[in-house]
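Trainee: I would like to learn how to read the main features of a protein model. Where do we start?

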Amino acid sequence: MLFSAFFASAQNLDEMLEIADKERSRLLELSEEYRNDLRRKWMEYVSSPWVDVEPDKPLQRPLEDHPDIQVMPLESYDYNVGETFEIPSSVLHIDKGMYAGDYFADFPVFRETTEGERQISVLVNGYELLIRFPDIATIILEDISEAEIASVLNHMLDNSYVNTLRDLSCVREILSLSDWSFVKMVENLSAMVYGSKRRSEAILLQSYILNEFGFRLCLGSGSDGNLYKLMTADAYLYDFTSLLYEGQRYYLIDDRPLGSGTDIKLIPLPFESKRSIRMRMNPDEKFCLTPSKDMKYVPSRYPNLFMEVTTDMSRMEFYAEYPMFCTEEGPLSTYYHYASMPLSEEVRNTVYPVLKQAVAGRSELEAVNILLNVVQTSFDYVEDDRAWGCERYFFPDELWRYGEGDCEDKSILFSRLVRDILGLEVALVYWPGHLSSAVVFTDEVKGAYFNVNGSVYVSCDPTYENAYVGAVMDKYKEQNAELILL
């Protein structure tokens with residue numbers, strides 16, 4: 001909860017309540033001062049001349065070649081076979097700063113008022129929630145000129161959205177929403193208020209609310225007569241039109257694409273002490289369980305190791321719509337983001353007891369070989385362009401949902417299983433056109449390996465069907481690999 005850190009030294013309930021009350025009062029005072037200062041600046045900003053900016057083409061998703069997948073005959077399997085040799089490699093160093101810190105450290109607090117208001121039903125992660133909204137706050141834009149935008153915003157500032165902001169804040173805290181989920185919740189609210197025909201009014205409402213919550217954004221006025229919302233992010237987003245303005249890259253965060261040949265003018269909203277969208281997910285985000293159909297999995301070498309898995313469809317929808325992104329380290333950093341996401345509790349509770357029992361009492365080598373064969377043979381190999389029409393990476397839950405995937409999907413899941421069940425260090429291994437894995441064993445293990453500052457990462461390829469620990473597909477034995485340490 002919000003104040004749990006302040007309870008650690010409290011001796012009794014009265015002290016705990018007093019500490020919580022003081023901290024909430026402090027946050028409310030800061031939020032009130034922040035919002036009053038923000039309101040003074042709104043009219044100054046939107047009354048200024050809007051600036052012509054040239055849109056950039058969207059960053060395209062990386063296109064991977066498809067490896068020639070090898071299958072090892074079952075009868076050739078032996079824990080101790082495999083030539084031991086080093087494969088040349090380098091390490092991609094990921095700055096993990098964006099994955100550190102409290103997700104809600106700078107999240108504002110809003111007071112509650114007693115004003116009577118209607119309630120708007122909003123769907124968030126499968127939950128249907130009621131958000132209060134001012135009865136008289138509906139706005140109508142005659143056009144999207146600077147003067148009209150300034151006039152309507154002036155009207156908005158005369159109305160109290162405090163309960164709306166408070167309800168949105170409470171939903172975010174209760175459901176532990178990531179930034180992206182929060183932005184989408186605000187979009188859903190505005191769509192319920194204005195419908196599909198008044199998109200510019202919806203964009204203006206979204207911009208006002210998100211600005212109140214401290215996000216950095218610009219309003220865009222299109223030559224097509226539409227208003228657009230553009231926001232900064234702490235990563236590079238694939239597939240989104242963006243604009244470079246005053247050293248900041250603003251992304252068109254809207255499900256409506258910018259029309260071909262559309263000119264756009266920008267006006268920044270007040271952004272002192274503002275922040276970009278955090279693109280990391282919050283692993284504690286909550287979903288209303290909507291069960292999928294059961295999927296049955298049996299690995300080839302262990303037919304008694306049977307798993308019947310149900311996943312959450314609301315979570316699957318969230319994963320499918322989450323933007324792909326990379327960081328300063330380049331396109332390979334995208335893999336780290338997917339591999340850093342844990343399995344959901346419902347999948348862990350189904351799968352992990354079975355797998356933990358299967359590896360109980362085994363050596364590390366035997367245990368990793370079992371998990372490797374589970375991923376190699378339980379899921380069909382299918383290329384992304386055939387299954388999805390584009391390059392698409394899976395979070396660990398998704399492979400259990402769809403039952404098929406390609407090399408990065410299998411490697412991401414395998415790396416998660418080894419870390420969670422065996423507690424061993426794992427790296428993703430990238431060759432042009434192929435993603436594999438490697439594991440650090442405490443005992444000496446034969447087979448192909450990578451040397452990282454004296455640490456031996458032994459090859460484990462979840463796509464090389466029936467292959468053992470230490471095996472490498474023939475075409476990659478002498479190619480340089482790049483390791484992403486998890």
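Mentor: With a definition. A salt bridge is a side-chain nitrogen of Lys or Arg within 4 Å of a carboxyl oxygen of Asp or Glu. Keep in mind that this is a predicted model.

Trainee: How many salt bridges does the structure hold?

Mentor: The general idea comes first. Side chains of opposite charge can pair when their charged atoms come close. Here the structure holds 13 salt bridges. One of them joins the side chains of Arg 315 and Glu 346, at 3.7 Å from N to O. Arg 315 belongs to helix α6 (residues 313-321) and Glu 346 to helix α8, so the pair ties together parts that are 31 residues apart in sequence.

Trainee: Let us stay with α8. How do I read its packing, and at what angle do the axes of α8 and α9 cross?

Mentor: Two packed helices are described by the angle between their axes and the distance between the axes. Helix α8 (residues 345-359) and helix α9 (residues 364-378) have axes that cross at roughly 140° and come within 9 Å. Angles over 145 degrees would count as roughly antiparallel. The two helices are therefore oblique to each other. The crossing of α8 with α9 is right-handed.

Trainee: Which residues of α8 and α9 meet?

Mentor: From α8, take Leu 355, Ala 358 and Val 359. From α9, take Ala 367, Ile 370, Leu 371 and Val 374. By class, the contact has seven nonpolar residues, no polar ones and no charged ones.

Trainee: Next pair. How do α3 and α4 cross?

Mentor: Read angle and distance again. The axes of helix α3 (residues 162-175) and helix α4 (residues 179-194) cross at roughly 140° and come within 11 Å. α3 and α4 are therefore oblique. α3 passes α4 in a right-handed crossing. In the contact, Thr 164, Leu 168, Val 171 and Arg 172 of α3 meet Asp 179, Phe 182, Met 185, Val 186 and Leu 189 of α4. That contact divides into six nonpolar residues, one polar and two charged.

Trainee: One more pair. How far apart are the axes of α2 and α5?

Mentor: Their axes are 12 Å apart, and helix α2 (residues 146-157) packs on helix α5 (residues 199-212) at about 55°. That makes α2 and α5 oblique to each other. The crossing is right-handed. α2 contributes Ile 149, Val 152, Leu 153, Met 156 and Leu 157, while α5 contributes Leu 204, Leu 205 and Tyr 208. The class count for this contact is eight nonpolar, no polar and no charged residues.

Trainee: Now the sheets. What is the strand order in the open sheet of seven strands?

Mentor: Read a sheet by strand order, then pairing sense, then edges. The order is β2-β19-β20-β18-β17-β21-β3, and the pairing is mixed. β2 (85-86) and β3 are the edge strands, each with a single partner strand, so one side of each is left without a neighbour in the sheet.

Trainee: In which sense do the edge strands pair, parallel or antiparallel?

Mentor: β2 pairs with strand β19 (residues 448-452) in the parallel sense over two bridges. There, Glu 86 has Tyr 449 as its bridge partner. At the other edge, β3 (residues 89-92) pairs with β21 (residues 481-485) over four bridges, also in the parallel sense. Ser 89 is bridged to Ala 481. Then look at the other side of β21. Strand β17 (residues 426-431) runs antiparallel to β21, with four bridges. Ala 427 has Leu 485 as its partner.

Trainee: Which helix lies across β17, β18 and β20?

Mentor: Helix α12 (residues 407-422) does, running at about 15° to β18.

Trainee: What about the sheet of six strands: what is its order?

Mentor: This open sheet runs β1-β11-β6-β7-β10-β9, with antiparallel pairing. β1 (51-53) and β9 (242-245) stand at its edges with a single partner each, so one side of each lacks a neighbour in the sheet. On average, neighbouring strands are turned by 40° against each other, direction ignored.

Trainee: And the pairings at these edges?

Mentor: β1 runs antiparallel to β11 (residues 264-268), joined by three bridges. Asp 52 stands opposite Lys 265. β9 and β10 (residues 248-252) pair antiparallel over four bridges. Leu 244 has Arg 249 as its bridge partner. β9 and β10 also form a hairpin with two residues between them. In that turn, Glu 246 has a positive phi of about 50°.

Key:
Residues are numbered from 1 along each chain as its sequence is written. This is a predicted model: local features need pLDDT of at least 70, side-chain atom pairs count only at pLDDT 80 or more; totals for chains, interfaces and linings use all residues. Side-chain values use heavy atoms; hydrogens and water are left out. Two strands pair if DSSP finds at least two bridges between them. Axes are lines fitted to C-alpha atoms, for helices over the stretch in contact, and angles run from 0 to 180 degrees between N-to-C directions. Angles under 35 degrees count as roughly parallel, over 145 as roughly antiparallel, 65 to 115 as roughly perpendicular and the rest as oblique. A crossing is left-handed if the near helix is turned anticlockwise from the far one by less than a right angle, and right-handed if clockwise. Contact means heavy atoms within 4.5 Å. Ala, Val, Leu, Ile, Met, Phe, Trp, Tyr, Cys and Pro count as nonpolar, Asp, Glu, Lys and Arg as charged, and the others, Gly among them, as polar.
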